[in-house]
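Here are my notes on the model, set out as numbered points for you to read beside the structure.

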Amino acid sequence: VKKVVPSDSFYFSIVRDPIRLAESSFAYYRFYSPAFKKADSLDEFAASAESNYKGLELNNHYARNLMWFDFGHDNNMEDVPGYVNTILAQLDRIFGLVLVAEYFDESLILLKEALCWNLEDVVYFKLNARSSNSVAPMNASTMERLQAWNHLDWRLYSHYNASFWQRVSNYGTQKMERDVAQLKALSHRLASVCLQINNSTGFGASKPMAHAAGTAKLLGYVLKANLSGDDLELCHRMVLPEKQHLTLLQRRQYPKTPPVGK
């Protein structure tokens with residue numbers, strides 16, 4: 001990335017509770033990771049991870065310390081003295097802000113502040129949510145085992161969760177609460193323009209998406225039928241899954257060259 005962006009670029013990323021991430025990863029990559037394939041359930045994987053996991057097998061990075069891997073480091077490293085703190089210090093020098101998925105609204109407010117954006121710039125609809133019946137319940141034993149198994153991710157998350165709340169404190173707790181409330185109001189207002197509304201939730205009605213990932217059943221939104229013009233374009237972009245959104249951006253960035261003579 002540093003080879004293609006200006007040297008003064010602002011880098012930010014996001015972390016997620018490693019236990020919830022492990023459950024999600026098992027659902028999404030159930031049939032891709034060899035370590036996951038050997039277990040019939042998340043509980044079974046957590047109980048036998050050490051014996052079923054081979055670090056060098058293709059796609060097994062999904063099964064252990066996935067965030068540590070995504071940040072560019074060896075997800076199979078042991079927590080030797082000084083190692084984790086050295087990596088965290090390196091990451092601190094790279095990233096100007098690390099968001100926390102469990103506090104996404106607060107994260108977007110901090111991102112808006114860091115990038116000098118307006119509140120309207122971070123209005124969002126939650127995408128890629130799974131249906132409730134595809135989220136595996138976890139008992140205390142499984143959660144404890146997953147935390148120990150993903151010990152590097154837990155250190156990473158704990159570090160950035162602490163720095164995140166320090167930034168919230170610096171921003172001002174009351175100011176944050178006010179801005180989060182305004183952000184939610186803006187999201188609901190846009191939802192009333194774009195989406196068929198679920199009367200029980202007051203937000204967009206959901207529907208199963210045509211594709212699934214592993215055992216995860218994803219939900220999308222139902223757009224209003226009478227949309228047109230700018231509203232249609234905006235609302236369509238707001239509910240577009242990331243792969244289709246990426247395709248749209250790539251088409252705009254690399255438009256097809258018109259035929260010779262045209």
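1. Is Tyr32 buried, partly exposed or exposed? Tyr32 counts as partly exposed, because its relative accessibility is 48%, where buried means under 20% relative accessible area, exposed over 50% and partly exposed in between, for a 1.4 Å probe and protein chains only. Tyr29, at 27%, counts as partly exposed as well.

2. Please bear in mind that this is a predicted model, in which local features need pLDDT of at least 70 and side-chain atom pairs count only at pLDDT 80 or more, whereas totals for chains, interfaces and linings use all residues. Residues are numbered from 1 along each chain as its sequence is written, and side-chain values use heavy atoms, with hydrogens and water left out.

3. Rings of Phe, Tyr and Trp (its six-membered ring) are taken to pair if their centres lie within 6.5 Å, with planes under 30 degrees apart counted as stacked, over 60 as edge-to-face and the rest as tilted. By this rule there are 16 aromatic pairs. One of them joins Tyr29 and Tyr32 edge-to-face, at 6.4 Å centre to centre and with 70 degrees between the planes. Phe71 and Phe95 also form an edge-to-face pair, at 5.4 Å and 80 degrees. Phe71 lies in the loop between helix 4 (66-70) and helix 5 (83-94), and Phe95 in the loop between helix 5 and strand 2 (97-100), so the pair ties together parts that are 24 residues apart in sequence. Helices (H or I, at least four residues) and strands (E, at least two) are DSSP runs, numbered from the N terminus. Both Phe71 and Phe95 are buried.

4. The buried residues of helix 9 include Met176, Leu183, Leu190 and Cys194. The buried residues cover an arc of only 140 degrees around the axis, which puts them on the same side of helix 9; the arc is that of the directions from the helix axis to the C-beta atoms. On the other side of helix 9, Gln174, Glu177 and Arg189 are exposed.

5. The largest nonpolar core (a set of buried Ala, Val, Leu, Ile, Met, Phe, Trp, Tyr and Cys residues joined through side-chain atoms within 4.5 Å) has 45 residues, and those with the most contacts inside it are Val15, Trp68, Phe125 and Leu156. Helix 9 is among the elements that each supply at least two residues of this core. Apart from this core lies another, of 15 residues, among them Phe26 and Trp149.
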